[in-house]
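Biologist: Please take a close look at the salt bridges, and then follow the charged side chains and the helices outward from there. I would like one connected account, with the reasoning behind each assignment made explicit.

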Amino acid sequence: MISKTDIKDHDFKTIEEYFNYIVLSETNGNRSQVYDLINNLSKQQKKDCLEYINENESGSDAEIVKNILIQSL
């Protein structure tokens, strides 16, 4: 589970910035980082991330992250 402290440690203000960082990690080719970031999320946070991506992200990188999230649930 990602806590508010974890979010601040990554220099983010919101969990949504963390979700965006996951997609950006995939865009930059850091697939192992994507898995690590997703594994740090609770089940509910993974669902929230999936919802966030569905509403705010598009493209092949977002689809890859969505598939990884679905597999991790």
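**The salt bridges and their surroundings**

Modeller: Glu26 is buried, since its relative accessible area comes to 7%, which is under the 20% that sets the limit for a buried residue. This value, like those that follow, is computed from a predicted model. The buried Glu26 is paired with Arg31 in a salt bridge, in which the closest N and O atoms lie 2.7 Å apart; that distance is within the 4 Å that the assignment requires. Arg31, for its part, is partly exposed, with a relative accessible area of 37%, so this bridge joins a buried acidic residue to a partly exposed basic one.

How many salt bridges are there by this rule? The count comes to two, and the other pair to consider is Lys66 with Glu63, where the closest N and O atoms are 3.0 Å apart. Here the two partners belong to helix 5, which covers residues 60-72, and because they are three residues apart they are separated by about one helical turn. In general, an α-helix has 3.6 residues a turn, so residues three or four places apart point the same way. In this second bridge Lys66 is the buried partner, with a relative accessible area of 15%, whereas Glu63 reaches 39% and therefore counts as partly exposed. Helix 5 also holds Ser60, which is exposed because its relative accessible area is 54%, over the 50% limit for that class. Ser60 and Phe19 are 41 residues apart in sequence, and their C-alpha atoms are 16 Å apart in space.

Arg31 leads on to helix 3, which runs over residues 31-39 and in which Val34, Leu37 and Ile38 are buried. Seen down the axis of helix 3, these buried residues fall within an arc of 95°, and so they line one face of the helix. The other side of helix 3 carries exposed residues, Ser32 and Asn39.

Acidic residues outside the bridges can be followed next. Glu16, Glu17, Asp48, Glu51 and Glu55 gather on the surface as a patch of negative charge. Which helices each supply at least two residues of the negative patch? They are helix 2, residues 15-27, and helix 4, residues 43-56, and it is helix 4 that gives the most, with three residues. Glu16 has its place in helix 2 and is partly exposed at a relative accessible area of 37%; since membership of a patch needs over 30% relative accessible area, Glu16 meets that condition.

Helix 4 also contains a basic residue, Lys47, which counts as partly exposed because its relative accessibility is 41%. Lys47 and Leu69 are 22 residues apart along the sequence, and in space they are 8.0 Å apart, C-alpha to C-alpha.

A separation of 23 residues gives another distance for Asp6 and Gly29, whose C-alpha atoms are 23 Å apart. Asp6 lies in helix 1 and, with 27% relative accessibility, counts as partly exposed.

The loop between helix 1, residues 4-9, and helix 2 contains a further acidic residue, Asp11. What is notable in the backbone here is phi, which is near 65° for Asp11, a positive value in a residue other than glycine. As background, most residues other than glycine have a negative phi. Asp11 is exposed, because its relative accessible area amounts to 69%. Thr14 is found in the loop between helix 1 and helix 2 as well, but it counts as partly exposed, its relative accessibility being 32%. Thr14 and Lys4 are ten residues apart in sequence and, measured in the model from C-alpha to C-alpha, 8.1 Å apart in space.

To return to the part you asked about, each of the bridges pairs a buried residue with a partly exposed one: Glu26 is the buried member beside the partly exposed Arg31, and Lys66 is the buried member beside the partly exposed Glu63.

Notes
Residues are numbered from 1 along each chain as its sequence is written. This is a predicted model: local features need pLDDT of at least 70, side-chain atom pairs count only at pLDDT 80 or more; totals for chains, interfaces and linings use all residues. Side-chain values use heavy atoms; hydrogens and water are left out. Patches are made of residues with over 30% relative accessible area and no salt bridge: like charges are joined within 9 Å, nonpolar side chains (Val, Leu, Ile, Met, Phe, Trp, Tyr) within 5 Å. Accessible areas come from the Shrake-Rupley method with a 1.4 Å probe; for residues, only the protein chains shown count as cover. A salt bridge is a side-chain nitrogen of Lys or Arg within 4 Å of a carboxyl oxygen of Asp or Glu. Lys and Arg count as positive and Asp and Glu as negative; His and the chain ends are not counted. The place of a charge is taken as NZ of Lys, CZ of Arg, CG of Asp or CD of Glu. Helices (H or I, at least four residues) and strands (E, at least two) are DSSP runs, numbered from the N terminus. Buried means under 20% relative accessible area, exposed over 50%, partly exposed in between (1.4 Å probe, protein chains only). The arc is that of the directions from the helix axis to the C-beta atoms.
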